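Thanks for coming. I will go through one structure this morning, helix by helix and then the sheet. Please have the view open while I talk.

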Amino acid sequence: TYKIFQAMNIKILSLMLCPALLAACSGKGDGHAASGVFETTETVVSARTAGLLTAFNAEEGTDLKGGAEVGCVDTVLLSLRRSELKASAGSAASTVLDVSRQSAHLRRQIEHAQQELARAQQLAAAKAGTRQQADQWQSQLDVLTSQLAATEEKIASANRSATERESAILAQLAQVEEQIAQSRIIAPTGGTVLEKYVEAGE
């Protein structure tokens, strides 16, 4: 069984030199020893998430720099979840269709119908063809135009759904990334480690 910790704590002692001491130290070698007061601040560093501590590099007496990473909580499950979400986001993005490519065949048919309609109208005007032929091509053109509009709307609707699905997955991914970031234990300020209350593996 794993021990789940709620507060992986260390205490960091920070030293701050008082202005009185700074003034004394800046004197011109007058033979007097500098005097002043050191102020200390204790900072408790805690993990922002619970879990198995997989790494913890802070030892008592160690000097730390502000922003240094001193440990990490287990992120295996979060990393797996992140990989799953990335794959899902990629899958959702891949389902977005290219409208022009999907409707290219209909567009070619429409272009052909338009050409045939124009030719039939010219023949009818020159008494070399019948008005019925022109009407047939007009009817076919109307059908193809309606099919194109319906196809484009269907594709647009499918693309909206895919985009919304991808956005939802990316939002979940951002949450997991934040949880992984919170699994890193960061020293908020520089100082010396006074105490630690847990070891790696606990």
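**Helix H4 and what surrounds it**

In helix H4, the buried residues are Leu106, Ile110, Ala113, Glu116, Leu117, Ala120 and Ala124. They share the same side of H4, because the arc they cover around the axis is only 135°. Before I go on, note that this is a predicted model.

H4 itself runs over residues 104-125, which is 22 residues. From its first C-alpha to its last it reaches 32 Å, close to the 32 Å expected at 1.5 Å a residue. On the face turned away from the buried side you will find the exposed residues Arg108 and Gln122.

What do the buried residues of H4 pack against? The partner is helix H5, residues 131-182.

Between H4 and H5 there is a loop, and lysine 127 sits in that loop. Its phi is near 65°, a positive value in a residue other than glycine. For background, most residues other than glycine have a negative phi. Is lysine 127 buried or exposed? Lysine 127 has a relative accessible area of 76%, and exposed means over 50%, so lysine 127 counts as exposed.

Now H5. This helix has 52 residues, and the distance from its first C-alpha to its last is 76 Å, close to the 76 Å expected at 1.5 Å a residue. Its buried residues include Ala134, Leu141, Leu144, Leu148, Ile155 and Asn159. Further along, Ala162, Ile169, Leu173, Val176 and Ile180 are also among the buried residues of H5. As for partners, the buried residues of H5 pack against H2, helix H3 (99-102), H4 and S6.

One residue of H5 to point out is alanine 171. Its relative accessible area is 43%, and partly exposed lies between 20% and 50%, so alanine 171 is partly exposed. Alanine 171 and leucine 85 are 86 residues apart along the chain, and 9.7 Å separates their C-alpha atoms.

Next, the sheet. Three strands form an open sheet, in the order S3-S5-S6, with antiparallel pairing. Strand S3 (53-56) and strand S6 (184-186) are the edge strands, each pairing on one side only. On average, neighbouring strands of this sheet are turned by 20° against each other, direction ignored. Strand S5, residues 69-73, pairs with S6 over 3 bridges in the antiparallel sense. To find the register, look for glutamate 69, which stands opposite isoleucine 186 in S6.

After S5 comes a loop leading to helix H2 (76-94), and threonine 75 lies in that loop. Threonine 75 has 18% relative accessibility, and the cut-off for buried is under 20%, so threonine 75 counts as buried. Which residues does threonine 75 contact, leaving aside its neighbours within four places in sequence? They are Ile180 and Ser183.

Last, the nonpolar cores. The largest has 11 residues, among them Val45, Ala47, Leu53, Phe56, Ala58 and Leu64. Val70, Val73, Ile185, Ala187 and Val193 belong to this largest core as well. S3 and S5 each supply at least two residues of this core. Apart from this core lies another, of 9 residues, including Leu117, Leu141, Leu144 and Leu148. Of these, Leu117 is one of the buried residues of H4, while Leu141, Leu144 and Leu148 are among the buried residues of H5.

That is the end of the walk-through.

Notes: Residues numbered from 1 in each chain as written. Predicted model: local features only at pLDDT ≥ 70, side-chain atom pairs only at ≥ 80, totals over all residues. Heavy atoms only, no water. Pairing = 2+ DSSP bridges. Helix = DSSP H or I, 4+ residues; strand = E, 2+ residues; numbered from the N terminus. Axes fitted to C-alpha atoms, helices over the stretch in contact; angles between N-to-C directions. Expected span 1.5 Å × (residues − 1). Buried < 20%, exposed > 50% of the residue type's maximum accessible area, 1.4 Å probe, protein only. Arc of directions from axis to C-beta. Contact = heavy atoms within 4.5 Å. Core = buried A, V, L, I, M, F, W, Y, C linked by side-chain atoms within 4.5 Å.
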